[in-house]
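The following exercises concern chain symmetry and helix packing. Please work through each task before reading its solution.

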2 protein chains.
Amino acid sequence: MRQRTILTIAGSDSSGGAGIQADLKTIAALGYYGASALTALTAQNTTGVQGVHGVPPDFLEQQIRSVLDDLKVHAIKTGMLYDAENTRATVRALKAYYSERDMPPLVCDPVCVSTSGHTLLASEALEVLTQELFPLSTLITPNKSEAELLLSRSITSLENMLEAASELLRFGSRAVLLKGGHMTAAVADVDALARAHPDITVVRDVMYTENMEVLAVNAPHIENVVIDVLCQADGTKTVLVRPRIESTSTHGTGCTLSAALACALADGASISEAAVSATAYTHLGIQTAVKLGAGHGPLNHLHSVARMGVPPRTATNPYPFTQLLIKSTADIWKEYVQHPFVQRLGEGSLPKECFVHFIKQDYHYLRYYARAYSLLAAKSSTFPQIDSATQTILNVLREIKTHRAFCASFGVTEDELAQTHEASATSAYGGYILDVGMQGDTTRLLMAVLACLIGYGEVGLWLKREAEKGKEKGGSGVVLEGNPYRAWIEVYAGEEYQEAVRIGLETIEARAAADPPSPARSEEWRAVWERCTRLEKAFWDMALELRD
Amino acid sequence: MRQRTILTIAGSDSSGGAGIQADLKTIAALGYYGASALTALTAQNTTGVQGVHGVPPDFLEQQIRSVLDDLKVHAIKTGMLYDAENTRATVRALKAYYSERDMPPLVCDPVCVSTSGHTLLASEALEVLTQELFPLSTLITPNKSEAELLLSRSITSLENMLEAASELLRFGSRAVLLKGGHMTAAVADVDALARAHPDITVVRDVMYTENMEVLAVNAPHIENVVIDVLCQADGTKTVLVRPRIESTSTHGTGCTLSAALACALADGASISEAAVSATAYTHLGIQTAVKLGAGHGPLNHLHSVARMGVPPRTATNPYPFTQLLIKSTADIWKEYVQHPFVQRLGEGSLPKECFVHFIKQDYHYLRYYARAYSLLAAKSSTFPQIDSATQTILNVLREIKTHRAFCASFGVTEDELAQTHEASATSAYGGYILDVGMQGDTTRLLMAVLACLIGYGEVGLWLKREAEKGKEKGGSGVVLEGNPYRAWIEVYAGEEYQEAVRIGLETIEARAAADPPSPARSEEWRAVWERCTRLEKAFWDMALELRD
C-alpha cells in the first residue's frame, strides 16, 4: 500500500465546501493522505462570506515547516493565500525545503476573484503571487476572471482563451490550465476551434465520442459545453471539453480541481493526464451533488468511492468476512453447531438408529458434495483452481471408502448404503448446492461448499472443547472416553480436517479481499451462507427425528 | 441519497492526523458531509506540537453561526476548545440555535490532556466545559487522564474505570464513554469483571466470540485487551472490549472516535450502537494504518471505503459503464464497427458470396445466441429475469424465420442452410458465449450477449449516419439507394432493433449501479466485452475472406 501525501496551503471554509475542507475531502476521496497549512479562516456558508480572519505569516510558515519537517510530501497545492505577507511566507517556507529541481509537483490555484466576482487577494499580493510563486509552479489554474486580472484584458471567446492560456505561461509556470467554467460554448464552436488549430488535442473524455453512437442517441443531446484550456511550456495545447451543466452545486469547484490535479501529479501522471482525470472528477462532483444550503452548495466529493461490504483483514482478525457471515446468522449458526443431535452425540447418548440414519444420508450428501466440486473445477479459470477443486473431489472419494468402513462398523452394509432412500433434507441440501453452483460464479459456489466444510469444523472443535471442559467443571456433558461416536468426533476435530478448514477460510477471505464485494454482493454471499446453515440444521433434525 | 451533515468544532492539526482534519476524513469515509468551526490552529506533526494560534472567540462564534444559519446539522462534535473563552463562545453559539429539546446529538470530546500527557486546556476552561457544555452533551468521551483530572483521583483498574464512568454522569451528559486505550487488561480480567457485574453488557464485536472457534484457533491468540466503558443516564452499562494493538499510528484516535460517534448518532443509532460501530471503525483505523512521519502517525481513515470501478450514472452520461467498455477497447471496437466487410456492405460493393457466407454462418450463430439466453433464463433468480430472457429467445426464433426468407432472397435454400458447415469463427464465438455463461454469474453472461447486441446496434447506426452524410460531402461512400444489402442495414439501424439495444444498455448500467463492481470485477467484465469484440471482428474477417 503506497501512501502519497498532498499538502494544501489554503484558507478554511467553515461550511466545508471549499478551502482546505474541499481539498482534504478530494484528497481522501482519491485515496491520498492530506496535510494542510491554513492561510486564513473564513466564516462562510453557501450564501456568502460572513467573516475572514487572517493567519499571521510566521504561523503559516510554521505550519508548513511542521509538515515538511516530518512528512515526505508528493505534491502541493496552494489556494487562497490571503495577502502579500502570507504569499511571501508560503514561498519562503517552500524555498527553505526545496530547490527548483527537487520541488514536488506544485499546483497553484491563483485565487484572486471568487465565483461571485468578489476580489479575494489584495493587488499587492498579486505581484508576489505572479513573480514569486508562479515560477515555482508546475501548473497554475486561473479562471476567466483571474486570467483577465493577470493579463489586464478581457476574454470573450474561445480564441481569447487559447491566447490567454498561452500568454500566462510567461509568468514562469510549466503549464497553465485556464478554466472556462463560466463561458458557455456551442459544440460547433469547439469543432470550429479544433479545425482552425489542428495542433491542439481536443479531449472529450466525459462525452460520447467516435463509435459511441448507440450511447449518444439514447442520451440527452448536448447543445452547450464548457472548455478548459491547457497550455504547457513545451508548446503542447489541450482543450478539455465537457457538457455544460445547470447546477448551483459549484461552491469550491476551483479548490476541488486543483486538489485533484495535485493528487494525479503526485501519482506520476503527466500534466495532461492529470488535467483529464481532475476535470472529470470535478465535473462528476458537480453533477452528482445533492443540494445543500440556501445558496451555491458544495460538490459531492465522494462519488469516486463506495462503502465496503466487508471490513479489511487485520493481524488480529484475519477472517473478517467469515466473522461477518457467522455474526449475521448467529442464532441459526448456534442452533446448528450446538444442535441436540450434536449435543447427544457428544454425550454418547444419541440413539444408534439416529446416527445410522445420519451416516447413511451423509453418504448420499457426499455424492452431491463431490459433484459440486466437479462443477467448481468445470467453472474454474486457472490450473491451480482446477487442481484445488480436483484434490477436494479426490479427498471426498477417499473419504467415501472410510465412510463405507465406518458404516460397516455400525452394521450398515455397502448394499444397504446403496439402497438407502434419499431423505428430503438430503435432496434439499444437495440440490441447493448444485443450484447455487449452476446459477452463480465460482465465489458463490465456494460460499456454499465452504459453509459445510467450516460448519463441521466448528462442530468438531465445539465437541472437543466441551469434552476438555468436561474434565473440569461447567462442561455440557461431552465425553470422548467410551463414547461410541468418538471416532466421528475425532475426525472433525482432527488435524487433517481442521487443515482443510483453514484452507477454506483462507480461500473465502482472499476472494473477499481481492474483489471487495459491494454491500449488495456481500449480502448475496451472506444469503448463501445462511441458507446452507439452515439446511445443515435441517439435516441434523432429519437424523434426530429419523425423518425420510 | 440522504445527505447528513456533521459539524465539528475543534482545532486544526497541520499534519492532518488529528483535529478537524481527522474529523473531516472520518466523516467523509463514513459517507457524511462535514462542516467545521476552528477554535485554534496548531502547527504540529507526528513528533509534537510546534505552535498554537488561538482563534478569537467572536470569530469562532461567527463560524458556528455561518454553518447553523445555512445548513441543517444532524450531529455536532466538539474537540479541543482551546480556552475558557472559546468554550463559552461554543456554548453561546449552540444555545442561540437550539433549545435543550431540539439539540442534535452532541458528542463532546473533552480534550484537556494530550496522549503525551501535555495539558491542552487551562483549568479555568475545565469549569466552563464541565458546567456548561457537558450538560448539553449526548455523550462525553474522556480518556483515562481526562477522567482522572475531572474526578481528581487516579484510575488504576477496570473496576475504577466502571466507577469513574458512572460518576462522570453527574456532570449532566446523557452518557459517558470512558476510553481505556491506555490501560491494558488481560482477557481473564474482563471475564472476571463480567462475572462480577452481570448487569453489564460486554461487547466483543471486533473479537472472535461464541461459535467462532474455527476462526480463533487459526488467528493469533489474544492475550491483552483494552476496554472502553459506556455508562448511560438510564443506568445501562456497556463494556467494549478489543485486542490491544502495538502501534505508533495513534495520533488523532480520540478525534476520530468522537467524529465517528457523531456520524452514527446523526444516522439515528442508539448511543450503544454508536459506541460499537465507532470504536470498531477507530480500531481498524489504527490497525490498517501505514506508518507516516517520525513519531506517532495518523490512523488510516479510509479503510471503510474502496475506489469504484465504474463512474456514477449522470444526466449527461447515463451509460458510464458501457462508455468505459468502449473506451477501453477503442481500437479493436473501431476495427469491428467500421470493418471492411461493413464498409463494403454499406457501399453495396461487397461480393455476394461473402454476404451469403456471412448470413449462412449467422444462422448457426443465432442458435448459440438463443441457447445463451436459455442459459441466462436457467440461471435467473426472478420471474422478470426469466421473462426477459425468454422474450429474447422468442425474438431470436422469430428472427430465424425472417432470416430464412432473407437467405432465400439471396438464393440460399433452407436445406442449404441446414447443411452449411459451421466455420471456426462461428464455433469460436458461439462456444465462448456459452462458456462464459457456464462459468460465471448472470452479469458476466449478459456482458457477452449484450456485446453482440450493442455492437450490431453501433454498426447499424454507423451505416445509417454514413449514408446520410453521403448525400452531403465527407461520407465514406455508404448508400442505401440501390444497395443490395439495404434491407439488412435497415434492420439494424431500425427502430425495433435499436429499442432492444436501449434495453440492453439499461440492463448493463443498472447492474453496474446496483452492485458497483470492484476494479477487479470491472476488469473481468471488460475482458468479456473485449473478447466478444475480437470475436465479432473475426466473424467479419471469416465472411470477407470466405474462410471455413
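Helices (H or I, at least four residues) are DSSP runs numbered from the N terminus, and their axes are lines fitted to C-alpha atoms over the stretch in contact, with angles from 0 to 180 degrees between N-to-C directions. The model is predicted, so that local features need pLDDT of at least 70 and side-chain atom pairs pLDDT 80 or more, whereas totals for chains, interfaces and linings use all residues. Residues are numbered from 1 along each chain as its sequence is written, chains are lettered from A in the order in which they are written, and side-chain values use heavy atoms, without hydrogens and water.

**Exercise 1.** Determine how α11(A) packs against α21(A).

*Solution.* Step 1: the axes of α11 (residues 320–328) and α21 (residues 519–544) of chain A come within 10 Å and cross at roughly 60°. Step 2: α11(A) is therefore oblique to α21(A), a class for angles outside under 35 (roughly parallel), over 145 (roughly antiparallel) and 65 to 115 degrees (roughly perpendicular). Step 3: contact means heavy atoms within 4.5 Å; α11(A) contributes residues including F321(A) and L325(A), and α21(A) residues including W525(A) and R526(A).

**Exercise 2.** Identify the operation that superposes chain B on chain A.

*Solution.* Step 1: with least-squares superposition on C-alpha atoms of residues with pLDDT of at least 70 in both copies, a rotation of 180° with 0.0 Å of shift along its axis gives RMSD 0.1 Å. Step 2: this is therefore the relation of a two-fold axis. Step 3: in chain B, the C-alpha of D441(B) is nearest the axis, 2.3 Å from it. Step 4: 99% of the contact residues of chain B recur in chain A.

Key:
Helices (H or I, at least four residues) and strands (E, at least two) are DSSP runs, numbered from the N terminus.
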